[in-house]
Amino acid sequence: MNVDKVLLERSLMLVADDDVGLTTDFYDRLFAEHPSARALFSSDIRPQARMLQDAIVAVLDHLEDPTWLRASLGALGQRHASWGVTPEMYNWVASTMIATMAERGGAEWTDAMTDAWSEALGAVAGMMLEAYPVRTDGLG
């Protein structure tokens, strides 16, 4: 993944905390903007928020390891497909995550941070979607 790791890490430190505030805020925004996504999750979102935050950190830790990224994100993509996550939802997640980060970052959040996260989340989504089953019904 050819992204600015330093900028991604610096911007994540700006908006995330030791708790799961960033990812909890993300899910609150996602469910408000895309209510149909709520049905994919349990009522207690905190465990999922923790897993998402840990996954973001893990991806950042492995940006220079394409083998790990493809294997891990491919497996994650297969699980998401089995849960009913559609390709369209990846755009929802990326735009909602970036909006949440920008809001939390306030005046310190920059266009360069938005661009870096757009590129990174697009690459992550691409690797996850590569693992989706090929449709044979002609619908996708």
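**H34 and helix α5, by definition**

Me: Why is H34 called buried?
Reply: H34 has a relative accessible area of 18%, and buried means under 20% (exposed is over 50%, partly exposed in between, with a 1.4 Å probe and protein chains only), so H34 counts as buried. Do keep in mind that this is a predicted model, where local features need pLDDT of at least 70, side-chain atom pairs count only at pLDDT 80 or more, and totals for chains, interfaces and linings use all residues. Residues are numbered from 1 along each chain as its sequence is written, and side-chain values use heavy atoms, leaving out hydrogens and water.

Me: What is H34 in contact with, leaving aside its neighbours within four places in sequence?
Reply: W92 and T96, where contact means heavy atoms within 4.5 Å. Both are among the buried residues of α5.

Me: What makes α5 roughly antiparallel to α6?
Reply: The axes of α5 (residues 87-105) and α6 (residues 111-130) cross at roughly 155 degrees and come within 10 Å. Angles over 145 count as roughly antiparallel (under 35 is roughly parallel, 65 to 115 roughly perpendicular, the rest oblique), so the pair earns that name. The axes are lines fitted to C-alpha atoms over the stretch in contact, with angles from 0 to 180 degrees between N-to-C directions.

Me: How do you know that the span of α5 is close to the one expected?
Reply: The expected span is 1.5 Å times one less than the number of residues. With 19 residues, α5 has an expected 27 Å, and its first and last C-alpha lie 28 Å apart.

Methods. Helix = DSSP H or I, 4+ residues; strand = E, 2+ residues; numbered from the N terminus.
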